[in-house]
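The exercises below concern a single predicted model. Work through each task with the coordinates open, then compare your result with the solution.

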Amino acid sequence: MSSPENEPGPGEDLTAVAPQLRALRRRASLTLEAAARAAGLSPAHLSRLETGQRQPSLPMLLALARIYGTTVSELLGETVADQEAVVRAPDMEPTRAGGWTYWQAGAPGRGMQALRVHVPHGAQGDIVRVHPGEEWLYVLSGRLRLRLGDTTHVLATGDSAHFDSLTPHRIAAADHGGTDLLFVHTLLQSPTATLCLGPTPGEMP
């Protein structure tokens with residue numbers, strides 16, 4: 001089972017994230033220690049991410065984006081026309097991180113981030129997230145295992161969930177073929193208020 005500090009597999013080029021991580025942390029007025037603690041990482045590991053010695057998984061990018069009050073696309077240095085209302089399918093370039101594949105489904109500069117995500121079986125299902133805001137997801141294909149607090153839900157194709165993200169939560173594909181979903185989350189207004197916890201042993205394989 002993967003941990004929050006696992007790196008993407010071979011061929012996943014996320015080198016553009018290193019300088020962005022440091023710049024956005026400083027823009028958020030966070031020390032390395034404070035940002036690492038909020039993301040559930042060690043300061044040494046976050047330092048390695050910021051110098052390009054390690055590469056983050058997608059759940060880690062999502063956590064850091066929330067902490068810094070920004071989007072995954074800005075962390076990766078991607079450019080999308082500001083305030084565009086429509087994002088065309090050919091403009092949605094896939095990005096892989098930690099086994100997940102995602103496509104930006106919304107423009108930057110908004111109060112929420114929209115992604116289309118493919119979650120393979122066994123990838124990042126052990127990361128527990130806790131942070132201010134709301135999340136909404138819709139299962140496009142396959143089945144998704146969603147843990148909210150002490151309750152586990154299995155969502156089938158066409159099912160959705162909308163929840164307060166201060167509730168400890170984690171997601172994993174329930175089928176070996178993985179699952180595809182639409183995922184929307186609100187961005188943080190108070191960077192230091194977030195928390196991303198590590199794996200909880202013995203729960204939800």
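**Exercise 1.** Determine how helix 1 and helix 4 pack, and which residues form their contact.

Solution.
- Step 1. Helix 1 covers residues 17-27 and helix 4 covers residues 58-68; their axes lie 9 Å apart, at an angle of about 30°.
- Step 2. Angles under 35 degrees count as roughly parallel, so helix 1 is roughly parallel to helix 4.
- Step 3. The crossing of helix 1 over helix 4 is left-handed.
- Step 4. From helix 1, the contact takes in Val17, Leu21, Leu24, Arg25 and Arg27; from helix 4, Leu61, Leu64 and Tyr68.
- Step 5. Sorted by class, this contact of helix 1 with helix 4 has six nonpolar and two charged residues, and no polar ones.

**Exercise 2.** Describe the packing of helix 3 against helix 4 in the terms of the previous exercise.

Solution.
- Step 1. Helix 3 spans residues 43-50, and its axis comes within 14 Å of that of helix 4, with a crossing angle of roughly 95°.
- Step 2. Since 65 to 115 degrees counts as roughly perpendicular, helix 3 is roughly perpendicular to helix 4.
- Step 3. His45, Leu46, Leu49 and Glu50 of helix 3 meet Met60, Leu64 and Tyr68 of helix 4.
- Step 4. The contact of helix 3 with helix 4 comprises five nonpolar residues, one polar and one charged.
- Step 5. Leu64 and Tyr68 thus belong to the contact with helix 1 and also to the contact with helix 3.

**Exercise 3.** Which residues have the most contacts inside the largest nonpolar core, and which helix gives the most to this core?

Solution.
- Step 1. The largest nonpolar core has 42 residues, and those with the most contacts inside it are Leu46, Leu64, Tyr68, Leu75, Val117 and Leu137.
- Step 2. Helix 4 gives the most to this core, with eight residues.
- Step 3. Take Leu137 as an example: leaving aside neighbours within four places in sequence, its contacts include Leu144, Leu155, Phe163, Ile171 and Phe183, and also Asp159 and Ser160.
- Step 4. As background, nonpolar side chains tend to be buried together in soluble globular proteins.

**Exercise 4.** Is Leu62 buried or exposed, and what does Leu62 touch?

Solution.
- Step 1. Leu62 is found in helix 4.
- Step 2. Buried means under 20% relative accessible area; Leu62, at 4%, is therefore buried.
- Step 3. Not counting residues up to four places away in sequence, Leu62 touches Val72, Gln113, Leu115, Phe183 and His185.
- Step 4. Val72 is 10 residues from Leu62 in sequence, and the C-alpha atoms of the two are 6.3 Å apart.
- Step 5. His185 lies in strand 10, residues 179-186, and is buried, with a relative accessible area of 0%.
- Step 6. Besides Leu62, His185 touches Arg66, Met112, Gln113, Glu134 and Glu135, under the same exclusion of residues up to four places away.

**Exercise 5.** Locate Ser29 and state the sign of its phi.

Solution.
- Step 1. Ser29 sits in the loop between helix 1 and helix 2 (32-39).
- Step 2. Its phi is positive, about 60°, although Ser29 is not a glycine.
- Step 3. Most residues other than glycine have a negative phi.
- Step 4. Ser29 is exposed, with a relative accessible area of 67%.

Methods: Residues numbered from 1 in each chain as written. Predicted model: local features only at pLDDT ≥ 70, side-chain atom pairs only at ≥ 80, totals over all residues. Heavy atoms only, no water. Axes fitted to C-alpha atoms, helices over the stretch in contact; angles between N-to-C directions. Helix = DSSP H or I, 4+ residues; strand = E, 2+ residues; numbered from the N terminus. Parallel < 35°, antiparallel > 145°, perpendicular 65-115°, else oblique. Left-handed = near helix turned anticlockwise from the far one by under 90°. Contact = heavy atoms within 4.5 Å. Nonpolar A, V, L, I, M, F, W, Y, C, P; charged D, E, K, R; others polar. Core = buried A, V, L, I, M, F, W, Y, C linked by side-chain atoms within 4.5 Å. Buried < 20%, exposed > 50% of the residue type's maximum accessible area, 1.4 Å probe, protein only.
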